[in-house]
Every structure is written in C-alpha cells, then in structure tokens.
Amino acid sequence: VVAKKKIDPASKKELIKAASQKKGTTSTDNGHNHLYAVDLQGNGVAYQKCHPQSDKICHAHKIVNHKVANEHTDCYPRCAQIHGFDGVPEHEHTIGH
C-alpha cells in the first residue's frame, strides 16, 4: 500500500502559480534575447541578460499585458568607458501569446 503524500499549502500555491505562467524566449533584438515568464494576464518579466564578457553590463525588461517594456543597460552609453565593453541602447523585444 502506497500512502499519498499531502502537499503543504505553500507548495500547492507555488504549483498553481507555476501552472498559470507562460514561459518562453523573447524575440532577438540588439543581438540578444531573454527567457521570460508571464501570468495569465500577460504580466511578468524578461529575465536579466548580461554581456557575455561582463556580469556588470546587464538588464531585464518588465512585461505588461504581453508588451515588453523598452529597456537599456544601466551604464549605457558609458559602459565601454566604465566596464570595457559596450552595453545596449534602449530597445524592445516581443513575446508570443
């Protein structure tokens, strides 16, 4: 006889949240893309992406109603002067829905 293990309320809440999210990859713009997650209303985040040679040149995007907000690296346009590598100017991505 196999006993069924009960799921604690916190884990159940996380499972429901995960099941109600859409995850994927944004369009490629300015030479990069992002992994993203949105809820059923299309609100979420395009996760942080960093320059391949510097973990100091990074950015993420907010997603509202399936629209990816414009964003740029914090150091732009002085990233090369500060960190030795170019950052990305303000840009947007798209997601499928």
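Which residues does Ile63 touch, not counting residues up to four places away in sequence? In this predicted model, the answer is Tyr36, Val38, Gly42, Asn43, Gly44, Val45, Ala46, Val68 and Ile95. Keep some of those names in mind. They come back as we walk through the chain.

Start with the overall plan. The protein chain has two helices and five strands. Read from the N terminus, the elements run α-β-β-β-β-β-α. The chain has 97 residues, and 24% of them count as buried. Its accessible surface comes to about 7,000 Å². Carbon and sulfur atoms hold 53% of that surface. Now take the contacts in the chain with a separation of 6 or more: 34% of them link residues 24 or more positions apart.

Next, the sheet. Five strands form an open sheet in the order β1-β2-β3-β4-β5, and the pairing is antiparallel. Its edge strands are β1 (22-25) and β5 (67-68), each of which pairs on one side only.

Follow the strands across. Strands β1 and β2 run antiparallel and are joined by four bridges. Lys23 stands opposite Ala37 in β2. Ala37, in turn, stands opposite Val45 in β3. Strand β2 covers residues 35-38, and strand β3 covers residues 44-51. These two strands are antiparallel as well, with three bridges between them. One bridge pairs Tyr36 with Ala46 in β3. Between β2 and β3 lies a hairpin connection of five residues. In this hairpin, Gly42 takes a positive phi near 85°. Gly42 is also one of the residues that Ile63 touches.

Now look closely at Tyr36, which sits in strand β2. Is Tyr36 buried or exposed? Its relative accessible area is 4%, so Tyr36 is buried. The cut-off for buried is under 20%. What surrounds Tyr36? Leaving out residues up to four places away in sequence, Tyr36 touches Lys22, Lys23, Gly24, Thr25 and Thr26, then Val45, Ala46 and Tyr47, and also Ile63, Ile95 and Gly96. Thr26 is 10 residues from Tyr36 along the chain, and their C-alpha atoms are separated by 6.8 Å. The Tyr36 side chain also reaches the backbone oxygen of Gly96, at 3.5 Å.

Tyr36 belongs to a group too. The largest nonpolar core has six residues: Tyr36, Val38, Ala46, Ile63, Val68 and Ile95. Compare this with the opening question. Among the residues touched by Ile63 are Tyr36, Val38, Ala46, Val68 and Ile95.

Move on to His59, in strand β4 (residues 54-64). His59 counts as buried because its relative accessibility is 7%. Which side chains make polar contacts with the side chain of His59? His32 is one, at 3.2 Å. His61 is another, at 3.3 Å. The wider contacts of His59, leaving aside neighbours within four places in sequence, include His32, His34, His72 and His91. Tyr47, Gln48 and Lys49 are also among them. So are Glu71, Thr73 and Val88.

Last come the disulfides. A disulfide is a covalent bond between the sulfur atoms of two cysteines. How many does a search of the whole structure find? It finds two. With the bonded cysteines numbered in sequence order, the pairing is 1-2, 3-4.

One disulfide joins Cys50 to Cys58, with 2.0 Å from S to S. The torsion about this S-S bond is about 100°, so the disulfide is right-handed. Its two ends differ in exposure. Cys50 is partly exposed, with a relative accessible area of 31%, whereas Cys58 counts as buried at 13%.

The other disulfide joins Cys75 to Cys79, again with 2.0 Å from S to S. This link has 100° about the S-S bond and is right-handed. Cys75 counts as buried at 12% relative accessibility. Cys79 also counts as buried, at 1%.

Finally, return to where we began. Ile63 is part of the six-residue nonpolar core, and Tyr36 in strand β2 is one of the residues that Ile63 touches.

Key: Residues are numbered from 1 along each chain as its sequence is written. This is a predicted model: local features need pLDDT of at least 70, side-chain atom pairs count only at pLDDT 80 or more; totals for chains, interfaces and linings use all residues. Side-chain values use heavy atoms; hydrogens and water are left out. Two strands pair if DSSP finds at least two bridges between them. Buried means under 20% relative accessible area, exposed over 50%, partly exposed in between (1.4 Å probe, protein chains only). Contact means heavy atoms within 4.5 Å. Accessible areas come from the Shrake-Rupley method with a 1.4 Å probe; for residues, only the protein chains shown count as cover. A polar contact is a pair of N or O atoms within 3.5 Å; within protein, one must be able to donate a hydrogen and the other to accept it, and residues adjacent in sequence count only if both atoms are side-chain atoms. A disulfide is a pair of cysteine sulfur atoms within 2.5 Å. A nonpolar core is a set of buried Ala, Val, Leu, Ile, Met, Phe, Trp, Tyr and Cys residues joined through side-chain atoms within 4.5 Å.
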